Amino acid sequence: MLAYTGSVAKRSAAIIGCGNISGIYAENLSASEEVELIAFADLDSSRAVEAAKRHGGRALTPHEVLADPGIEIVVNLTVPKAHYAVSMAALESGKHVYSEKPLAVELDHGRELVDTARLRGLLLGCAPDTFLGGSPQTCRKLLDEGAIGEPVGASC
């Protein structure tokens with residue numbers, strides 16, 4: 001049996017969008033043996049500066065991230081209505097993309113992102129929708145079975 005004993009070069013990544021969810025992404029990426037988080041960007045530059053101080057790396061503008069040939073992966077944590085534009089710009093810049101959900105607000109935009117990634121030989125990923133997780137699905141099952149009667153309202 002052959003075993004690989006060498007080290008794998010880490011892929012460099014930048015987060016665009018330094019809002020609430022970015023902290024847990026930064027923690028998890030920093031713990032990765034495969035990804036090196038090297039930069040943070042946000043339209044509010046103070047958020048990028050704070051994230052870079054807290055997690056290490058550089059604070060850049062989104063345009064600087066896209067122009068930096070040393071950044072291979074963009075983690076798109078912007079607001080949903082910006083997902084398409086940021087992800088498409090990253091793909092067109094030759095970068096792999098992982099986006100928070102949804103991939104895009106419009107179905108056609110999602111298809112364009114998938115097609116662009118395929119044509120350019122880039123990876124495109126998206127966080128799974130938590131509605132498909134165990135807790136919401138259990139609730140749905142109980143509702144479908146009539147376990148609580150007929151709902152008159154809901155809050156998520």
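In the predicted model, alanine 59 of strand β3 is the bridge partner of phenylalanine 40. This contact belongs to the pairing of β2 with β3 (residues 58–60), in which 3 bridges hold the two strands in the parallel sense. Between β2 and β3 the chain passes through helix α2 (residues 45–55), and the resulting β-α-β crossover is right-handed.

Strand β2 (residues 35–41) is mostly covered, with 6 of its 7 residues buried. Its pairing with β1 (residues 11–16) is likewise parallel and comprises 6 bridges. Within this pairing, glutamate 36 of β2 stands opposite serine 12. The connection from β1 to β2 runs through helix α1 (residues 22–30) and forms a β-α-β crossover that is right-handed. A further position of the β1–β2 pairing is occupied by isoleucine 15, which stands opposite phenylalanine 40 of β2. Phenylalanine 40 thus faces isoleucine 15 in one pairing and alanine 59 of β3 in another.

Strand β1 also pairs with β4 (residues 73–76), to which it is joined by 4 bridges in a parallel arrangement. Here isoleucine 15 stands opposite valine 75. Of the 6 residues of β1, 5 are buried, so the strand is largely enclosed by the rest of the structure.

These pairings form part of an open sheet of 6 strands in the order β3-β2-β1-β4-β5-β6, with parallel pairing. The edges are taken by β3 and β6 (124–126); each has a single partner strand, so one side of each is left without a neighbour in the sheet. From one strand to the next, the twist averages 25 degrees. At the β6 edge, 3 bridges join β5 to β6, and the two strands run parallel. One residue pair of this pairing is formed by valine 97 and its bridge partner in β6, leucine 124.

Helix α1 lies across β1, β2, β4 and β5, and runs at about 150 degrees to β2. The buried residues of α1 are Ser22, Gly23, Tyr25, Ala26 and Leu29. Around the helix axis these residues cover an arc of only 165 degrees, which puts them on the same side of α1. The elements that cover them include β1, β2, α2, β4 and β5 (96–99).

The structure holds 1 aromatic pair. The ring centres of tyrosine 25 and tyrosine 98 lie 6.3 Å apart and the ring planes meet at 50 degrees, so the pair is tilted. Tyrosine 25 belongs to helix α1 and tyrosine 98 to strand β5; the two residues are 73 residues apart, and the pair therefore links distant parts of the chain. The two partners were assigned to separate classes of accessibility. Tyrosine 25 has a relative accessible area of 15% and is buried, because buried denotes values under 20%. Tyrosine 98, at 30% relative accessibility, counts as partly exposed.

Key. Residues numbered from 1 in each chain as written. Predicted model: local features only at pLDDT ≥ 70, side-chain atom pairs only at ≥ 80, totals over all residues. Heavy atoms only, no water. Buried < 20%, exposed > 50% of the residue type's maximum accessible area, 1.4 Å probe, protein only. Pairing = 2+ DSSP bridges. Right-handed = clockwise from strand over helix to strand, strands pointing away. Arc of directions from axis to C-beta. Contact = heavy atoms within 4.5 Å. Phe/Tyr/Trp six-rings, centres within 6.5 Å; stacked < 30°, edge-to-face > 60°. Axes fitted to C-alpha atoms, helices over the stretch in contact; angles between N-to-C directions.
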